[in-house]
Amino acid sequence: MYQWRKFEFFEEKKTKIPEEIEGKIQCCSSGRGRIVLGSEDGTVSLLDRGLQLQYSFPAHSSVLFLQQLKQRNFLVTVGEDEQMPPQKAATCLKVFDLDKRQEEGSSAASPECVQILRIFTNQFPEAKITSFVVFEEAPPIIFIALGLENGCIYCIQGDFARERIKRFKLQVHSGQSVIKHSPITGLGFRVDGQAFQLFAVAPNSVSLFNLQSQTPTAQTLDHIGSETASVAMNDRLELIIGRTEAVYFYEVDGRGPCWAFEGEKKLLGWFRGYLLCVIADQRTGKNTFNVYDLKNRLIAHSIVVQEISHMLCEWGNILLIMADKSALFIVEKDMESKLDMLFKKNLYPVAINLVKSQQADAAATADVLRKYGDHLYSKQNYDEAMAQYIHTIGHLEPSYVIQKFLDAQRIYNLTNYLEKLHEKGLASKDHTTLLLNCYTKQKDVEKLNIFIKSEDGVGEHKFDVETAIRVCRAANYHEHAMYVAKKAGRHEWYLKILLEDLDRYDEALEYINSLEPSQAGVTVEEYGKILIEHKPKETIQILMRLCTEEGEPAKRGSSNITILSMLPSPVDFINIFVHHPQSLMEFLEKYTNKVKDSPAQVEIHNTLLELYLSHDLDFPSLSQSVDKENDDLRADREPHSALLSRAESNGKIISDDAAEKDRLERRQKGLLLLKSAWPSEQEQPLYDVDLAIILCEMNSFKEALLYLYEKLKLYKEVIACYMQSHDHEGLIACCKRLGDSGKGGDRSLWVDLLKYFGELGEDCSKEVKEVLTYIERDDILPPIIVLQTLSRNPCLSLSVIKDYIARNLEHESKLIEGDRLAIEKYQEETLAMRKEIQDLRTNARIFQLSKCTACTFTLDLPAVHFMCMHSFHQRCLGDNEKECPECAPEYRAILDLKRNLEQNSKNQDYFFQQVKTSKDGFSVIAEYFGKGIISKTSKGPAEAPRPTNDYSNGNF
């Protein structure tokens, strides 16, 4: 037999049964925190944890079996009770309710007996009871099985308190003659889900009864049983039978494993996964109590004892009751004490198996594994040590293990540990870096391939992707880095390696073309500068695909504006052309030719204008800022030829003539863009006007500047441009076009033009004469102002304005003569009116009309005569007519005109507007004075008093 190791995982505490229990202990049971003993004299005693007697009571004349129930505080006993005829005692079953005592406060108080039942009847013949077991079904149902000497099993089931009981019996077939039956030496219930079964052990058989059916069925598991009562059930619902040669385990389908423990098995038990066994040594006559740990194949405790009569398990301890009524508590030590004991003996494998079998937490198991690994490491057994450390992953800090294996000679073990760490998904970025460095130092490309390419699903990497890419890239394993980047969808890293490390520009462009538009846009924004530098045409094609609806057939059903709003804007990619403006111009021109209604039209046109109008086709403001950031990087990476190519236009040396020709072509494009992007029907152009003016001024583009000023109606700025360039012919032509007030022009331009020639300081007689012609035609300036303005130019002679002065003097003379004649006429009319008024006041009027003015019939009475010398029949006038019908309309018109003039005198805005819009503002003022509008004052309190000799009106 294999010799098992012995350990002292239990400790012993001696005690004894109270002296109050005098009779021989026939049976015992435990449960609900107490020990129950049945004596030969019929007394049942209840003991507490300290084995102190709680109380006792007489149950039978002699107690044969008893069992304490767990769910309810009931005690089931089997014993002999004396009958009135003393010749024979009857065997009875009693059920006591221990919660109900008949005499409270008395130590001898008996609990209430719920039921008394005779076991043997006519249908159930009497036989010696050899085994007894009770099973609690759903309360209040109790199932009791009694094994008899004749091989029968009496079963009693039901609610004993209500006397609802069912009896039946089972027969064990021993395989021998029917006449001779074997006694039942052991019983055990097995309940697993709906299965309700009963194990029965006889000396020559092991049977299993299925009790869940209406008619129980029997099954023979073995034809060898046990002659002693060494039968028990474990926590896995297996039947344990002890025989001399071994201990056997039985399941529902037959015999299971067996353990060869030699010796007569007097008692068997099961406690927390341990097999309890009392073995009698025939040679020495002593009994040995062993506690077997079957999982770990060790003896957890062993002690030589006297004859043991009973074995119980309660309060987490094992209680052995000896024949002499002494008792022995077997108490299990705590896990820490057990492990310390094993560690001192360097029995680490045993300790590991122990913590696993005891279902200790993972942290405790990991701590034991760590100690075992440290022990192996100290013995320089690095492979085995690493095997133990690997089992601690998830509980032990990885740095504890890693620092032990950083030596180059142990790199293989470190690699193994890091691989397991990644497999469990517990690796950090530093662990990934270290593992990849281990692979690269070992130059183990095969393992590197397995680590990088073994992942099946996208995004399921058990390592930090960015770290893996960075380490592989640093170790020049570019293909591995690209594989990880592509599989993880890290497009920026994939392109970074292709462009910066491998210079594979065509492959990078193909990869970008294969991406989704949104992802492709992001990558082009980041790496477009490199692509534009080396592959400008192909990059522009990709940008056109991204920024237009090319390659978007799924979106054709949407409107054009909706599609464009969903696509990236060319403005987002302008920064990648910072050193290549020629390529930018080509890209934007292609885009504008294809897309006419882009949401970013204004920004695109602004950029194109800057490109068209710039002198040397460069972005000085942008390139300076970018150069400051990337100066050191580009100095390291760009060769001299690349720097030279940036100074040239896209790598081509351009001569001065060609550059000038290119500049002129770009300016023509710029002017065409300025005109086409500002249609006549639109109020605002599709570009920034202020920016366009600034660009034109910075680059001295006069033609475009004049166009913008004219569109903005900044006519003075237009002639200022001509003045700056001393283009007199163009200046006069411009004033002819823009100074015609009849066509919406500004007449004041001629004033500015005359002032310019007056201050020019050189001979410009021809131009002045032409200007004076238009000033005279439109009567823009008085001659005195013209003379004062031209007198400042010392190079002009009087002959220049001689004809102009003569014509004006002649014209003024005609005007004066006309005014003189008008004055004389008005004076004569005024004198005649005054005479007529005087005559009306002093002389009588004689009315000599003979006909009515209204009806032209002969005038007869009654008649009405008016002072205007009109006469009417009274019938021809209305009832209330007090005015001459012939003269009244003219008189009313004069009154209305007077009233309107008085109202207009109060409207200052109208007066100033007339003065401003009139060719001769002085004539307007004179007209107001002539009509008496301005000279007449109101009587408002805010006006100054006028002098008068009329003291009656209160004015002084």
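Two residues are in contact here when heavy atoms of one lie within 4.5 Å of the other, and with that in mind the tour of this predicted model can begin at a single arginine.

Select Arg 255, which belongs to strand S22, residues 254-259, and show its surroundings. Leaving aside residues up to four places away in sequence, Arg 255 touches Leu 221, Asp 222, Ile 224, Arg 243, Tyr 248, Phe 249 and Tyr 250. With Asp 222 there is a polar contact between the side chains, at 2.6 Å. Arg 255 has a relative accessibility of 43% and therefore counts as partly exposed. Two of the residues it touches, Arg 243 and Tyr 248, deserve a selection of their own, since the charged end of Arg 243 sits over the ring of Tyr 248, 4.3 Å from its centre. A second arrangement of this kind can be found by selecting Arg 101, whose charged end sits over the ring of Tyr 55 at 3.9 Å from the ring centre.

Next, colour the open sheet of 5 strands, which has mixed pairing and the order S1-S26-S25-S24-S23. Its edges are strand S1 (5-6) and strand S23 (264-271), each of which has a single partner strand, so that one side of each is left without a neighbour in the sheet. Within the sheet, strands S25 (287-293) and S26 (298-305) run antiparallel and are joined by 7 bridges; to view one bridge pair, select Val 291 together with His 301 in S26.

Now turn to the aromatic rings, of which the whole structure holds 32 pairs. Phe 120 and Tyr 154 make an edge-to-face pair, with 6.0 Å from centre to centre and 65 degrees between the planes. Because Phe 120 lies in the loop between strands S10 and S11 while Tyr 154 is in strand S13, this pair ties together parts that are 34 residues apart in sequence. Phe 120 is buried at 13% relative accessible area, and Tyr 154 is buried at 3%. Tyr 377 and Phe 405 form another edge-to-face pair, with centres 5.5 Å apart and planes at 70 degrees; here Tyr 377 comes from helix H3 and Phe 405 from the loop between helices H5 and H6. For a cluster linked by ring pairs, select Phe 135, Phe 143, Phe 168, Phe 189 and Phe 196.

Finish at helix H9, residues 465-474, where 7 of the 10 residues are buried, so the helix is largely enclosed by the rest of the structure. Its buried residues, including Val 465, Ile 469 and Cys 472, pack against helices H7, H8, H10 and H11. After H9 comes Asn 476, which has a positive phi near 65 degrees.

Terms used. Residues are numbered from 1 along each chain as its sequence is written. This is a predicted model: local features need pLDDT of at least 70, side-chain atom pairs count only at pLDDT 80 or more; totals for chains, interfaces and linings use all residues. Side-chain values use heavy atoms; hydrogens and water are left out. Buried means under 20% relative accessible area, exposed over 50%, partly exposed in between (1.4 Å probe, protein chains only). Helices (H or I, at least four residues) and strands (E, at least two) are DSSP runs, numbered from the N terminus. A polar contact is a pair of N or O atoms within 3.5 Å; within protein, one must be able to donate a hydrogen and the other to accept it, and residues adjacent in sequence count only if both atoms are side-chain atoms. Two strands pair if DSSP finds at least two bridges between them. Rings of Phe, Tyr and Trp (its six-membered ring) pair if their centres lie within 6.5 Å; planes under 30 degrees apart count as stacked, over 60 as edge-to-face and the rest as tilted. A charge sits over a ring if NZ of Lys or CZ of Arg is within 6 Å of the ring centre and within 35 degrees of the ring normal.
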